[in-house]
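Q: Here's a model I'd like to learn to read with you. Can we start with the ligand and work outwards?

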Amino acid sequence: TLPAEPSILPVAERTLVLVKPDGVRRGLSGEILRRVEAKGYTLRAVRLMDATPELLAAHYAEHEGKPFYQPLVDFMLSGPVLAVVAEGNNVIAGFRSLAGATDPTVAAPGTIRGDLGRDWGLKVVQNLVHGSDSTESAAREIGLWFPELV
Ligand code: GDP
Ligand code: MG
């Protein structure tokens, strides 16, 4: 048998990235995936799909009861979503750094939301992408969107 890998090697972490319906609709899926790959992350799974109310209820459970919850779910059902599993050293924090602040009107230039996001004056912040916010969220969300990978 092979010896165990030295523990100093970085653990290949995974995160769930979603290109939200505004990103798919605006034709930005390729640009967003380009930025993920250019950073050095590996795409492990990519699927264009329609979300369902059940999937979104589980995915956004932490936001249930907030004023933007129903507009957020309706927005996420307004068109196809590109679901992605990206892998790499520190990819969870790294992708959120690539994505930028939640509100695209304050997200820094150089980030996906800062460069490409718009303030549409809508009920929900349409900010192009989702990225898992912790190892626990990533495992849970990858299980929801890609059950076959778990
Ligand atoms: P994220 O992790 O940066 O995506 O932000 P959150 O997890 O806090 O919120 C999930 C999503 O809900 C965001 O990406 C926005 O699309 C939307 N959202 C969050 N906060 C607000 C808010 O205060 N107002 C509105 N209208 N939408 C929000
Ligand atoms: Mg979040």
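A: Sure: ligand 1 is surrounded by His63, Phe68, Leu72, Thr102, Val124, Val125, Asn127, His130 and Asp133. A residue counts as near a molecule if its C-beta atom, placed from the backbone, lies within 6 Å of it. Bear in mind that this is a predicted model: local features need pLDDT of at least 70, side-chain atom pairs count only at pLDDT 80 or more, and totals for chains, interfaces and linings use all residues. Residues are numbered from 1 along each chain as its sequence is written, while chains are lettered from A and ligands numbered from 1 in the order in which they are written.

Q: How do the residues of the shell around ligand 1 divide into nonpolar, polar and charged?

A: Four are nonpolar, four polar and one charged. Here Ala, Val, Leu, Ile, Met, Phe, Trp, Tyr, Cys and Pro count as nonpolar, Asp, Glu, Lys and Arg as charged, and the others, Gly among them, as polar.

Q: Which strands pair with β1?

A: Strands are DSSP runs of E, at least two residues, and helices are runs of H or I, at least four, numbered from the N terminus. Two strands pair if DSSP finds at least two bridges between them. β1 (residues 13-19) pairs antiparallel with β3 (residues 81-88) over seven bridges, with Val17 partnering Val84. Three bridges join β1 to β4 (residues 129-131), also antiparallel, and there Val19 stands opposite Val129.

Q: Is β1 mostly covered or mostly open?

A: Mostly covered: six of its seven residues are buried, meaning 20 or more other C-beta atoms, placed from the backbone, lie within 10 Å of a residue's own (12 or fewer is exposed, in between partly exposed).
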